[in-house]
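Biologist: Please take a close look at one loop and its surroundings. Then link that part to the rest of the model in one connected account.

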Amino acid sequence: MKILTSSQAKLIDKLTIEKGIASETLMEQAAFSVADIAETFEPNSILCVVGKGNNAGDGVAAGRILKNKGYNVEILIVGDPTQGSPDFKKQLEIAKKFQINIYRFDVDEINYSQYDLIIDGLIGIGLTGEVKGEVAEAITHINSSGSKVLSVDVPSGISSDTGEVLGTAVKADQAVTFGFLKIGHLLYPAREYCGEIKVAPLSFDNSLINSINRELILEDTVKNLLPNRPEDSYKYKFGTVLILAGSEKYPGAPILSAIGAQRTGAGMVKLITPGDSSNVLALEPSIIYRSLKKEHFEEKDVENLKEEIEKSNVIVLGPGITEKAKGFVTKLVDTYKDDKLFVLDADALSILKEKDVKLNKNFVITPHVGELSKVYKNLKNDVFGLEEYAKELRCTIVFKSSTTLITNGEKTYFNITGNSSLAKGGSGDLLSGVIGSYIAQGLTTLQACIIGSYVIYKTARDLSLEYTNYSLTPKIIADNIYKTIQQLNS
Ligand SMILES: NC(=O)C1=CN([C@@H]2O[C@H](COP(=O)(O)OP(=O)(O)OC[C@H]3O[C@@H](n4cnc5c(N)ncnc54)[C@H](O)[C@@H]3O)[C@@H](O)[C@H]2O)[C@@H](O)CC1
Ligand SMILES: [K+]
């Protein structure tokens, strides 16, 4: 499912209209979907609270369709309708002919609580700047009404490009958007304001869609990425993952990485740790394990590990290593960045603080918010900044957050499959191993991040129904990865 910015959505509108599908037709289609969804609330009475743009046009048209079906519908206009968009004004004239009561925010007293359902058609993708004045007041009334709220396109007050709340925003139970998702539907805080999101089809011109470079990760996207596993194969065909992780202080992180790699199909998983992570063998004896018996990795270990490094396809570097291993990471990356594929996680990311560090397309980095904000000072709630950063580093970034963003600067994927069960130490370690495993099996770095994150997040989401978001742990997720793979393989 493609994800649009507001300007891309407007462009698609424009191209569609230029091809001869009238804007009234699109509005009627949009309004029909809003009305259909409104009916699922089984309301006795409905208030359409509208502004004066085309979002309001949708709201008024939906109100008229519902009134015509016999529902008790009234309309409240916020703002001066004489200043409205042509399509909005047209809808208002039609609505009058259907004998709908139309109120004005600045004239009439409205008891918002008397309606079971409020349709929010104040502002859609045309929001510019902070919401203030009458519109802000109307939003406060909607939010304190206790009525169910259905937002047209996006909840009024959220930025469809960044997911920010600009001033104040409607808290919707559902939002119905048209044709495609907008960025704002998927990022927090807006994601919480949208409630359940429905995407209604419109007769949009699809010719631009292939050039849209942002996409939501769905099961269908991922099914095609499951690596082939021909019967006539041998272990080296599925790649060797070398995991260089852990320290005396953090012996557990490498275990999760290694198990993640092993349980997702890598041919060989080798784990080398400074400290004692030998428990990994009790959990998964097929992992090849060795300890360097020291506190943390040192620069000279790059030479000591030469043979293992050279025999591997992918190196997962970072979980649990501590910042003391920085010399080792820098040397390893410098020496092998053109020859090996890398997944850099956790403290391995501290090398990005150095100005002259240049990665390349062989690298995946998997920072969470804290890690990214240490190395990328401009971190904001925007996809665009992250895409720029990926271009600058020339690698693939998996930005782990409540909505995980995966980008190589050219293409960006949104993963909303996870939940708060993953907000725990160890989830990231597991993920880095899984991504390494998929790279070893021949996927591109971007593909490996898409399927790797999906597999972990989907397993977590399914398991948390039983275990709860509180009690689910990365180890339990690792033990159940096969269930998600089974679904993808069916
Ligand atoms: N052909 C089309 O253009 C289609 C448009 N559709 C609808 O049209 C919407 C876009 O319509 P518009 O481009 O007219 O824009 P909107 O209606 O989303 O927003 C513009 C209106 O909001 C007001 N506004 C903007 N920022 C404000 C702020 N900070 N505080 C208070 N008021 C503010 C403007 O004064 C203007 O009246 C979509 O979200 C969708 O609902 C749908 O009907 C589908 C087809
Ligand atoms: K809206």
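**A loop and its surroundings**

Modeller: Arginine 394 sits in the loop between helix 15 (383-393) and strand 17. Helices (H or I, at least four residues) and strands (E, at least two) are DSSP runs, numbered from the N terminus. This is a predicted model: local features need pLDDT of at least 70, side-chain atom pairs count only at pLDDT 80 or more, and totals for chains, interfaces and linings use all residues. Residues are numbered from 1 along each chain as its sequence is written, while chains are lettered from A and ligands numbered from 1 in the order in which they are written.

Arginine 394 has a positive phi, near 65 degrees, and is not a glycine. It counts as partly exposed, because 14 C-beta neighbours lie inside 10 Å. The cut-offs: buried means 20 or more other C-beta atoms within 10 Å of a residue's own, exposed means 12 or fewer, and partly exposed is in between; C-beta atoms are placed from the backbone.

After the loop comes strand 17 (residues 396-399), which runs antiparallel to strand 18 and is joined to it by three bridges. Two strands pair if DSSP finds at least two bridges between them. Four residues make the hairpin connection from strand 17 to strand 18. Valine 398 faces isoleucine 406 across this pair.

Strand 18 (residues 404-407) is covered on both faces. Thr404 and Ile406 lie on one side, Leu405 and Thr407 on the other, and all are buried. In a regular strand the side chains alternate between the two faces of the sheet. Strand 18 also runs antiparallel to strand 19 (residues 412-415), over four bridges. There, threonine 404 has asparagine 415 as its bridge partner. This second hairpin also has four residues between its strands, and glycine 409 in the turn has a positive phi of about 90 degrees.

Next, a parallel set. Strand 14 (residues 314-317) and strand 15 pair in the parallel sense over four bridges. Valine 316 stands opposite valine 343. With helix 13 (residues 326-336), strands 14 and 15 make a right-handed β-α-β unit; that is, with the strands pointing away from the viewer, the path from the first strand over the helix to the second runs clockwise. In strand 15 (residues 341-344), Leu341 and Val343 point one way, Phe342 and Leu344 the other, and all are buried. Strand 15 is also joined to strand 16 (residues 363-365) by three bridges, in parallel. Here phenylalanine 342 has phenylalanine 363 as its partner.

Asparagine 362 lies in the loop between strand 15 and strand 16. It counts as buried because 20 other C-beta atoms lie within 10 Å. Leaving out residues up to four places away in sequence, asparagine 362 touches Lys337, Lys340, Leu341 and Phe342. Contact means C-beta atoms, placed from the backbone, within 7 Å.

Now the open sheet. Seven strands form it in the order 4-3-2-5-6-7-9, with parallel pairing. Strand 4 (101-104) and strand 9 (196-200) stand at the edges with a single partner strand each, so one side of each has no neighbour in the sheet. The twist averages 20 degrees from one strand to the next. Within the sheet, strand 2 (residues 45-50) and strand 5 (residues 117-121) share five bridges, and cysteine 48 stands opposite isoleucine 119. Helix 3 (residues 54-68) lies across strands 2, 3, 5 and 6, at about 160 degrees to strand 2. Axes are lines fitted to C-alpha atoms, for helices over the stretch in contact, and angles run from 0 to 180 degrees between N-to-C directions.

Ligand 1 is surrounded by 26 residues, the closest being Gly53, Asn54, Asn55, Gly124 and Gly126. A residue is near a molecule if its C-beta atom, placed from the backbone, lies within 6 Å of it. Helix 2 and helix 3 are the elements that give two or more residues to this shell.

Glutamate 42 is in the loop between helix 2 and strand 2. Like arginine 394, which has a positive phi, glutamate 42 has one too, about 50 degrees, and is not a glycine. Glutamate 42 counts as exposed, because only 9 other C-beta atoms lie within 10 Å.

Last, the whole chain. Its secondary structure comes to 18 helices and 19 strands. Of its 490 residues, 52% are buried.

Conventions
Contact = placed C-beta atoms within 7 Å.
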